[in-house]
Amino acid sequence: MTARQSPDRPQEQRVYEHHDYEHPYPPADLEAEYPFEEMKFVSRSPEVMAERAQSFFDLMDARRSPRMFSPEPVPLELIELAVAAASTAPSGAHKQPWRFVVTGDPDVKKAIRAAAEEEERVNYLDNRMNQEWQQALAPLGTDHHKEFLEVAPWLVVLFEERYEVTAEGERRKNYYVKESTGIAAGMFITALHNMGLATLTHTPSPMNFLRTVLGRPENERPFVLFPVGYPLPGVKVPTLGRKSLEEVMVTVTKPH
Ligand code: IYR
């Protein structure tokens, strides 16, 4: 379908075209100092929007987190594209305070597995996770074995960049680091799922060992570890429902 035949409609055809802002953005003096450009935006018909909304929901609703991965190799280019997509995430003051550290090296993966299993042994077997926590995990059946850390072709460790270090070695503050990195994490998972790869949001705890094993600097703190690859054929996942829309969304119709 060419752009001309597309059912998407041009911006000018929207019903509500104008609003005269009292405080237009950007103010002229700002635009004189910093570069601005017109936002590109694809305007779509309600029918096309509904179609896309439904198919995106269907896609996302089919995402699951396997705990056994296939050793089948995955081209690094796919991981790079997922990271690039994740890195389009909005972030505090546009600081993009994240780093995706990627390894497929068997020795690095082995070291990560060993350290993660050691921590988890304490969590599960020495009850560092209290009873309530362990009971909450019971339906998932997780334990201290983390074999997937060696089997999955790629491990991607997402670090939050607590502060930036400039080329001159000076510290610059980052803002809303956890929120920004969390959004990037969600977009990474979405990008992987959309391209046909699987991942598990894994949080070995505590996970500071990842900084040491991966040789990352002091300003980076591990946020989440993603084994990435194909699910082991036939792998089982817990039968889980999802909260209904009524449980996760509230519409407010008048001021309180
Ligand atoms: N970090 C442990 C425990 C664990 C905690 C939560 I919350 C989970 O959703 C799953 C596992 C582990 O990785 O096994």
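This is a short talk on a sheet, a helix pair and a ligand site in one structure. Keep in mind that the model is predicted.

I'll start with the sheet. It is open, has four strands in the order 1-2-6-5, and its pairing is antiparallel. Strand 1, residues 98-103, and strand 5, residues 198-199, are at the edges; each has a single partner strand, so one side of each has no neighbour in the sheet. Strand 2 covers residues 154-161 and strand 6 residues 220-229, and these two are joined by eight bridges in the antiparallel sense. To place yourself in that pair, look for Glu160, which sits opposite Arg221 of strand 6.

Next, helix 7. This helix, residues 177-195, lies across strands 1, 2, 5 and 6, and runs at about 155 degrees to strand 2.

Helix 7 also packs with helix 3, residues 76-86. What angle do helix 3 and helix 7 make, and how far apart are their axes? The angle is about 140 degrees and the axes are 8 Å apart. Angles over 145 degrees would count as roughly antiparallel, and helix 3 and helix 7 are therefore oblique to each other. Their crossing is right-handed.

Which residues meet there? From helix 3 we have Leu78, Ala82, Val83, Ala85 and Ala86; from helix 7, Ala184, Met187, Phe188, Ala191, Leu192 and Met195. By class, that contact has eleven nonpolar residues, with no polar and no charged ones.

Last, the ligand. Around it are Glu120, Asn123, Leu137, Thr142, His202, Thr203, Pro204 and Ser205. By class, this shell has five polar residues, two nonpolar and one charged.

How values were computed:
Residues are numbered from 1 along each chain as its sequence is written. This is a predicted model: local features need pLDDT of at least 70, side-chain atom pairs count only at pLDDT 80 or more; totals for chains, interfaces and linings use all residues. Two strands pair if DSSP finds at least two bridges between them. Two residues are in contact if their C-beta atoms, placed from the backbone, lie within 7 Å. Axes are lines fitted to C-alpha atoms, for helices over the stretch in contact, and angles run from 0 to 180 degrees between N-to-C directions. A residue is near a molecule or strand if its C-beta atom, placed from the backbone, lies within 6 Å of it. Ala, Val, Leu, Ile, Met, Phe, Trp, Tyr, Cys and Pro count as nonpolar, Asp, Glu, Lys and Arg as charged, and the others, Gly among them, as polar. Angles under 35 degrees count as roughly parallel, over 145 as roughly antiparallel, 65 to 115 as roughly perpendicular and the rest as oblique. A crossing is left-handed if the near helix is turned anticlockwise from the far one by less than a right angle, and right-handed if clockwise.
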